[in-house]
Structure formats: C-alpha cells, structure tokens
Amino acid sequence: MATRSSELNKDTLLWMYEKMVTIRRFEEQARREADAGKLRGMHSSIGQEAVPTGICAHLRDDDYILGTHRSHHHCIAKGLDLSEMMAELLGKSTGTNHGKGGTMHIADIDKGMLGANGVVGSSIPVATGVALSASVRGTDQVSVAFFGDGATSQGVLHESMNLASIWKLPVLFVCENNRYAEATPFEYAVAGGSIANRAPGYDMPGIVVDGQSATDMFEVGREAVARARAGDGPTLIEAQTYRYQGHFGADDPLGYRTQEEEDYYEARDCIEQLKGHILDGEYASETDLNAIDEKCVAAVVEAAKFANDSPFPDDAELTTDVYVSYP
Ligand SMILES: Cc1ncc(C[n+]2csc(CCOP(=O)(O)OP(=O)(O)O)c2C)c(N)n1
C-alpha cells in the first residue's frame, strides 16, 4: 500500500515541501558541526533536495534505496530519523550505524535505506541485486539506485542496465546530474552529451527531468515506480540538478564553474519553486509554510542536541559490527 497519494494534491505538496526544507536545514546544521570540527567534512546535497523527494514520495518503507557519498538528502527523503542521522555524522553510539559509518555510510534497513557509500557507482549493482531478490521472491518491492553523473561511464552501470532490462527487474536508475564529478565537467566526461540517451540501447525508458522541479520529479517518479512495481522493468532517469556548495565543502575553491552558472541555478532553487507552486495554487498560505519552516528548524535543532549530548561508542565496541555473523 502506498504511504501517500500518488496525486499532486495538497498533502503531497506539503509533504514534499517539508522534506525539502528539512533536508536543507539538516545540511546547514551538519556544515556548522563540521566547521566546529566535530566531523571531518561532508558532501552537501543543498540544491539537489527535489530529486530524492520526488522519487521517495512513491516509495514504501519496504522499498529500498541505495545512495552515494552525497546521501543525506536520500536518507531524509526515505524517512530516516534526523537525530540518529546527526549522531551518525558525529560518530556517536546513538547513530544509525552506532557511530561507525559516518556521513558516507548511513544505513537503516528498517526504513529501506541500504546504505550511502563512498565508492562511486556502488549503488548501481547493489540496487540491481536487491531488485533481483524482490523479483525472485515475488514481492512488488521496488529498488532505487541514486548515483551521480561521475558514475555513469563505469561499466557496472551498463552491465546492470542490461541485466535489469532482460530480467525486467523492479529498479530505478536515478542519475543526479549536477554537472560535475568533483571538478570534471559532465560535458567533458560523458560521450554523446546525454545520460538518458543510453537507455534505448538497453530497451528501457530514458527520461530527462528538471531536477530543480519537485513536481516534475514527482511525476517522473510516479511513472517509473509504477512501471517497476507492475513488473514492467527498469527506468533510467537523468535528473538535471546542481550542487550549490563545493564538492566536499568549504575547501573547494570552485574555480571550475562560473558565478553566472551558479546564479542561474540558484535563481531556480527547488524549494523556492515549490513554494511558488503551492502559493500560486492556493494549496496553503505563507503563514502555513512559515509554520512548516519553523517545524523543520525545530526538528534539526533537536537532532543536533541529541547528537551532541550522545556518547561516543565505548572502546570495547571497536571490533564489533565489523563483520556480519551469518546464521
Ligand atoms: C570508484 C571511485 N572512484 C573515485 C572516487 C573518488 N571520488 C569521490 S566523489 C567523486 C566524484 C563523484 O562525482 P558524481 O558521481 O558526479 O557525484 P557528485 O559528487 O557530483 O554527487 C570521485 C571521483 C571514489 N570515491 N570511488
């Protein structure tokens, strides 16, 4: 059963707005914690909030996602607990991974988040295998691989797309094309100038979508998730988006991109666009949205307090959780 309506009604729009504002406030707080020396840096997803929000709006807790080194937005969109996430960032024992994973390895199996991962491209084969498992078990679960444009020329994407297509696996390949892999421009690194164009070669839909538009992401997500759930196979989605901050934070001088380009994307900010859509359609008032903004700030403040007040793991736990015991 879907957790919310598949229509873009008031509830859906406000749910997406709250998710996206929460992600942004969480990232801002995480940056403050990093600047205070409590974690050694992080990859911020600010600017890219609409992408996982529009996709995860169609997912259930028992659907699965896999992420990247830049995955805070994936985790929050999938419903992970903010306090446990912040504690994980700070290496605390109350974190999602008991403080042993950190920002790049957040996971919560009960929520269907099987892991952020520092290995570029790693979400792709794992999500495909997870979809194979759902298919073999005969469930209608869906699996989503989020990855960046930097992963798309790896062989594993092509192998996974091929298998997913011939076996009609319930998987979404969601590329967040934020134009750069570290400092390498997408135009330089990707032959043919399109990621989505690779899909027809594997007999699956390849969709280019404005990743700054939560409503467009929602529409594309609805179709791709429905297709996967119905057993009709995979979809490749190229969400065109932008990361506002440096690759790994403040130490990136950003010399590889222009002010004009940054201004262009920030003028089309996903949260502002969704806010405009909600107000223009009179789904909610400015006062209603302000109340949601305040709720998001309060949730992040609470998460930061929880994380800062939590203990580090005990030394005796140093070697636990290193290997998983198999029954
Ligand atoms: C297999 C592998 N190669 C290289 C790296 C180093 N690395 C870390 S992030 C990154 C860029 C990834 O760019 P992209 O996939 O576009 O994601 P984005 O950072 O833009 O979100 C690279 C090359 C890595 N972590 N793993």
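Hi everyone. Before the first feature, one definition: a helix, as I use the word today, is a DSSP run of H or I with at least four residues, and numbering starts at the N terminus. With that in hand, α5 (123–137) and α6 (155–166) each supply at least two residues of a nonpolar patch. Please keep in mind that this is a predicted model.

So which residues make up that nonpolar patch on the surface? They are L132, V136, L163, I166 and W167, and together they offer about 480 Å² of accessible area. Let me pick one of them, L163, which sits in helix α6. Is L163 buried or exposed? Neither label fits: its relative accessible area is 34%, and because buried means under 20% and exposed means over 50%, L163 counts as partly exposed.

Now, on to the sheet. Here 5 strands form an open sheet, and if you read across, the order is β1-β2-β3-β7-β6, with parallel pairing. The edges are taken by β1 (64–66) and β6 (206–210); each has a single partner strand, so one side of each is left without a neighbour in the sheet. From one strand to the next, the twist averages 20 degrees. For anyone who would like the reminder, strands of a sheet pair through backbone hydrogen bonds, either parallel or antiparallel.

Let's zoom in on one pair. How many bridges join β2 to β3? There are 6, linking residues 143–148 of β2 with residues 171–177 of β3 in a parallel run. Within that pair, G148 faces E176 of β3.

Our two patch helices come back at this point, since I'd like to place them against the sheet. Helix α5 lies across β1, β2 and β3, and its direction is at about 175 degrees to β2. Helix α6 lies across β2, β3 and β7 (235–240), at about 150 degrees to β3.

Last, something for those of you who like backbone torsions. Most residues other than glycine have a negative phi. Which way does H98 go, positive or negative? Its phi is positive, about 55 degrees, although H98 is not a glycine. You'll find H98 in the loop between α4 (82–89) and α5, and at 40% relative accessibility it is partly exposed.

K168 also has a positive phi, near 50 degrees, and is likewise a residue other than glycine. This one is in the loop between α6 and β3. K168 counts as partly exposed, with 47% relative accessibility.

That's my tour, thanks for listening, and I'm happy to take questions!

Terms used: Residues are numbered from 1 along each chain as its sequence is written. This is a predicted model: local features need pLDDT of at least 70, side-chain atom pairs count only at pLDDT 80 or more; totals for chains, interfaces and linings use all residues. Side-chain values use heavy atoms; hydrogens and water are left out. Patches are made of residues with over 30% relative accessible area and no salt bridge: like charges are joined within 9 Å, nonpolar side chains (Val, Leu, Ile, Met, Phe, Trp, Tyr) within 5 Å. Accessible areas come from the Shrake-Rupley method with a 1.4 Å probe; for residues, only the protein chains shown count as cover. A salt bridge is a side-chain nitrogen of Lys or Arg within 4 Å of a carboxyl oxygen of Asp or Glu. Buried means under 20% relative accessible area, exposed over 50%, partly exposed in between (1.4 Å probe, protein chains only). Two strands pair if DSSP finds at least two bridges between them. Axes are lines fitted to C-alpha atoms, for helices over the stretch in contact, and angles run from 0 to 180 degrees between N-to-C directions. Contact means heavy atoms within 4.5 Å.
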